[in-house]
Amino acid sequence: MLQQVNGHNSSPDAHGRKRLREDLQEFLGREAPLHLLDDLTKVNPVTLETVLRCLQARYMADTFYTNAGCTLVALNPFKPVPQLYSPELMREYHAAPQPQKLKPHIFSVGEQTYRNVKSLIEPVNQSIVVSGESGAGKTWTSRCLMKFYAVVAASPTSWESHKIAERIEQRILNSNPVMEAFGNACTLRNNNSSRFGKFIQLQLNRAQQMTGAAVQTYLLEKTRVACQASSERNFHIFYQICKGASADERLQWHLPEGAAFSWLPNSERTLEEDCFEVTREAMLHLGINTPTQNNIFKVRRTAVALRFGRGDGQLFS
Ligand SMILES: Nc1ncnc2c1ncn2[C@@H]1O[C@H](COP(=O)(O)OP(=O)(O)OP(=O)(O)O)[C@@H](O)[C@H]1O
Ligand SMILES: [Mg+2]
């Protein structure tokens, strides 16, 4: 079978293999450190080993973004890197004459996309596809993009439009904790794994200010309500309710203090995602008032009980 290495056909015969080994040694033995390669298209020869070595060297140097042509490869740092997402850095990418010339970053992708909409006479929709395996950082990246647009696409002229923009910005950002409470769960690979797919649409007006957002969700893993793999958990919202409900709410929702529910395994684990207050606060900002919230939590309880044929109103026994 023929293989292609950087455009050259090479057969897996002894000569081809020798040539590839030499190229590989030359590449790995080069003087310039590997972590300085900020675009994987500069890697030569392109093999799994050279690409992974390059990404590994960048990871070791705390450099988590690398271009691959017009695609951005994001490595999950698995640690907080606050300086990488500061508002100052957002503004730097936003103000740069050529953001693509700055270090690879998700803000560079965000800014270029924003400019693509802006620079055209007839605005053309732009799409950013965020993909990767579970735990890769897709949800994190989408949140970063939403925060970026909330900052750069909200520069209104009047005080009144400033207030409107601030409200929209808050609502867009507050949709995340709500969607994650109801649709995310702790799995073996990710404590905050999204158990659904989503299409987020950010809407801009002619002046390129954000005027709204729409989120469509797909393929929620509903079976998780009744069945979780061992060491995994049900959706965060159930643990949030159990841990965060007030004494009154517990009474209303039939949730005795300290009760254990077999459909809520591993509830002894404390995750930062277990915060009921954050969900309620975000719902409030989205315009869902406290009585409506209470109804939602009640309906959720009843729906779960009925769906699985329980008529006694008992929550996930
Ligand atoms: N850029 C980042 N900086 C710091 N931590 C990060 C970053 N990206 C991801 N993480 C960490 O990795 C965890 C997993 O990321 P995330 O939830 O975004 O994965 P995912 O790709 O959405 O996975 P799933 O498909 O399971 O939903 C996050 O909760 C966060 O702790
Ligand atoms: Mg996710």
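Which residues does UniProt place under the feature "binding site"? The unreviewed entry gives Gly132, Glu133, Ser134, Gly135, Ala136, Gly137, Lys138 and Thr139. The model discussed here is predicted, and the annotation comes from the UniProt record. Of the annotated residues, Gly132, Glu133, Ser134, Gly135, Ala136, Gly137 and Lys138 are included in the lining of the second largest pocket.

Two glycines of this segment may be considered individually. Gly132 is located in the loop between helix 4 (106-119) and helix 5 (138-152), and Gly135 also lies in the loop between helix 4 and helix 5. Their accessibility classes can be read from the computed values. Gly132 has a relative accessibility of 40% and therefore counts as partly exposed. Gly135, at 15%, falls under the 20% limit and so counts as buried. Beyond its neighbours within four places in sequence, Gly135 is in contact with Asn76, Phe78, Arg189 and Asn190.

One of these contact partners, Phe78, has a backbone feature of its own. Phe78 is found in the loop between strand 4 (71-74) and helix 3 (87-95). Its phi is positive, at about 55°, although Phe78 is not a glycine. Most residues other than glycine have a negative phi, and most peptide bonds are trans. With a relative accessible area of 65%, Phe78 is exposed. The contact between Gly135 and Phe78 thus joins a residue that counts as buried to one that is exposed.

Where else does a residue other than glycine have a positive phi? His254 has a phi near 55°. His254 is placed in the loop between helix 8 (247-252) and helix 9 (276-285), and its relative accessible area of 43% makes it partly exposed. A further backbone feature is the cis peptide bond between Asn44 and Pro45, with an omega of about 5°. Pro45 belongs to the loop between helix 1 (14-28) and helix 2 (48-60).

The discussion now turns to salt bridges, of which the count comes to 14. One of them joins the side chains of Glu180 and Arg143, at 3.1 Å from N to O. Because Glu180 lies in helix 6 and Arg143 in helix 5, this pair ties together parts that are 37 residues apart in sequence. Glu180 counts as buried at 10% relative accessibility, whereas Arg143, with a relative accessible area of 23%, is partly exposed.

A second pair is formed by Asp274 and Arg233, whose closest N and O atoms are 2.7 Å apart. Asp274 lies in the loop between helix 8 and helix 9 and Arg233 in the loop between strand 8 and helix 7, so this salt bridge ties together parts that are 41 residues apart in sequence. Both Asp274 and Arg233 are buried. Another salt bridge brings together the side chains of Glu257 and Arg250, with an N to O distance of 3.5 Å. Here Glu257 counts as exposed at 68% relative accessibility, while Arg250 counts as buried at 11%. In addition, Arg195, Glu221, Arg224 and Glu232 are linked in a network of salt bridges.

Helix 6 (residues 159-183) also contains Pro177, which counts as partly exposed at 24% relative accessibility. Pro177 and Thr279 are 102 residues apart in sequence, yet their C-alpha atoms are 5.8 Å apart in space. Not counting residues up to four places away in sequence, Pro177 touches Val278, Thr279 and Ala282.

How many of the nine residues of helix 7 are buried? Seven of them are, so helix 7 (residues 236-244) is largely enclosed by the rest of the structure. The buried residues of helix 7 are His236, Ile237, Phe238, Tyr239, Gln240, Ile241 and Cys242.

The surface offers a final point of interest. Phe199, Tyr218 and Leu219 form a nonpolar patch there, with about 360 Å² of accessible area together. Within this patch, Tyr218 is placed in strand 8 (residues 210-218) and is partly exposed, with a relative accessible area of 39%.

How values were computed
Residues are numbered from 1 along each chain as its sequence is written. Chains are lettered from A and ligands numbered from 1 in the order in which they are written. This is a predicted model: local features need pLDDT of at least 70, side-chain atom pairs count only at pLDDT 80 or more; totals for chains, interfaces and linings use all residues. Side-chain values use heavy atoms; hydrogens and water are left out. UniProt positions are given in the numbering used here, feature names are shortened, and annotations may be inferred rather than shown by experiment. On a 1 Å grid over the protein atoms alone, a cavity is a set of points where a 1.4 Å probe fits but cannot get out, and a pocket is an open set with protein on both sides within 12 Å along at least five of seven lines; lining residues have an atom within 4 Å of a point. Helices (H or I, at least four residues) and strands (E, at least two) are DSSP runs, numbered from the N terminus. Buried means under 20% relative accessible area, exposed over 50%, partly exposed in between (1.4 Å probe, protein chains only). Contact means heavy atoms within 4.5 Å. Patches are made of residues with over 30% relative accessible area and no salt bridge: like charges are joined within 9 Å, nonpolar side chains (Val, Leu, Ile, Met, Phe, Trp, Tyr) within 5 Å. Accessible areas come from the Shrake-Rupley method with a 1.4 Å probe; for residues, only the protein chains shown count as cover. A salt bridge is a side-chain nitrogen of Lys or Arg within 4 Å of a carboxyl oxygen of Asp or Glu.
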